[in-house]
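Q: Please take a close look at one part of this model and describe it in a single connected account. I should like to see how the part recorded as a domain is built, and what lies around it.

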Amino acid sequence: VAALSGDARRCLDICRRATEICEFASQKRTPEVVRMAHITEALEEMFSSPYINAIRNASLHEQIFLKAILAEFRRAGVEEATVQQIYHQHVALCRIEGMQSPTVSEMMAVCSRLGACRLLLVESSNKYLHMRVRLNISQDDVMYALKDE
């Protein structure tokens, strides 16, 4: 669990769910001890949410945008940022990857798509670059989904 998340609450959630899976399976048979198979099933259940699948199937710039959000949250120390702040992080990540940076309008389209998927909570504003953005899922889930990328 530490390799996937590092969060003690997440570890306890997985243990609780593994116990539930074991109890449900043992209703049909004799009582059983929680085994690694139960924990593996709970892990797969917890880390295969629709949000994680949406991140894994997102476009390259959508994934970079999510990485930029994490970088900006780490830099600022708060879990909310403006599109402009995230855009600067995104441009920096594109430079590191040797990719062409998107235009502001392309960035707004990426942000809108991620908001439509409910991966982001985007505050509506008439000043697009000053819209506030927050993640609608945990940072751990985003890092887990992007880990293989």
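A: Helices and strands are DSSP runs, with H or I over at least four residues for a helix and E over at least two for a strand, numbered from the N terminus. The model is predicted, so local features need pLDDT of at least 70 and side-chain atom pairs count only at pLDDT 80 or more, whereas totals for chains, interfaces and linings use all residues. Residues are numbered from 1 along each chain as its sequence is written, and side-chain values use heavy atoms, with hydrogens and water left out.

The part in question comes from a UniProt record: an unreviewed entry places the feature "domain: Cdc6 C-terminal" at residues 66-146. UniProt positions are given in the numbering used here, feature names are shortened, and annotations may be inferred rather than shown by experiment. In the model, 58% of this span is helix and 11% is strand. Its end C-alpha atoms lie 9 Å apart.

A suitable place to begin is helix α4, residues 60-76, and its crossing with helix α5, residues 83-97. Their axes come within 8 Å and cross at roughly 115 degrees; axes are lines fitted to C-alpha atoms, for helices over the stretch in contact, and angles run from 0 to 180 degrees between N-to-C directions. The crossing of α4 and α5 is right-handed, a term used when the near helix is turned clockwise from the far one by less than a right angle, anticlockwise being left-handed. On the α4 side the contact involves His61, Ile64, Phe65, Lys67, Ala68, Ile69, Ala71, Glu72 and Arg75, which meet Gln85, Ile86, Gln89, His90, Leu93 and Cys94 of α5. Contact here means heavy atoms within 4.5 Å. Sorted by class, these residues are 8 nonpolar, 4 polar and 3 charged. Ala, Val, Leu, Ile, Met, Phe, Trp, Tyr, Cys and Pro count as nonpolar, Asp, Glu, Lys and Arg as charged, and the others, Gly among them, as polar.

Within α4, Glu72 merits individual attention. Glu72 has a relative accessibility of 2% and so counts as buried; buried means under 20% relative accessible area, exposed over 50%, and partly exposed in between, with a 1.4 Å probe and protein chains only. Leaving aside residues up to four places away in sequence, Glu72 touches Gly77, Ala81, Gln85 and Gln89.

Helix α4 also packs with helix α6, residues 104-116, at an angle of about 85 degrees and with the axes 10 Å apart. That angle makes α4 roughly perpendicular to α6. By the convention used, angles under 35 degrees are roughly parallel, over 145 roughly antiparallel, 65 to 115 roughly perpendicular, and the rest oblique. His61, Glu62, Phe65 and Leu66 of α4 make this contact with Met107, Val110, Cys111, Arg113 and Leu114 of α6. The contact of α4 with α6 comprises 6 nonpolar, 1 polar and 2 charged residues.

The loop between α6 and β2 (120-122) contains Arg118. Arg118 is not a glycine, yet it has a positive phi of about 65 degrees. With a relative accessible area of 43%, Arg118 is partly exposed. Cys117 is found in the loop between α6 and β2 and is partly exposed at 44%. The C-alpha atoms of Cys117 and Arg9 are separated by 26 Å, and the two residues are 108 apart along the chain.

In strand β2 itself lies Leu121, which is partly exposed, with a relative accessible area of 21%. Not counting residues up to four places away in sequence, Leu121 touches Arg132, Val133, Arg134, Leu135 and Asn136. Between the C-alpha atoms of Leu121 and Val33 there are 41 Å, for a separation of 88 residues along the chain.

The account ends with helix α7, residues 139-146, where Asp141, Val142, Tyr144, Ala145 and Leu146 are buried. These buried residues of α7 pack against α1 (8-26), α3 (50-56), α4 and β3 (132-135).
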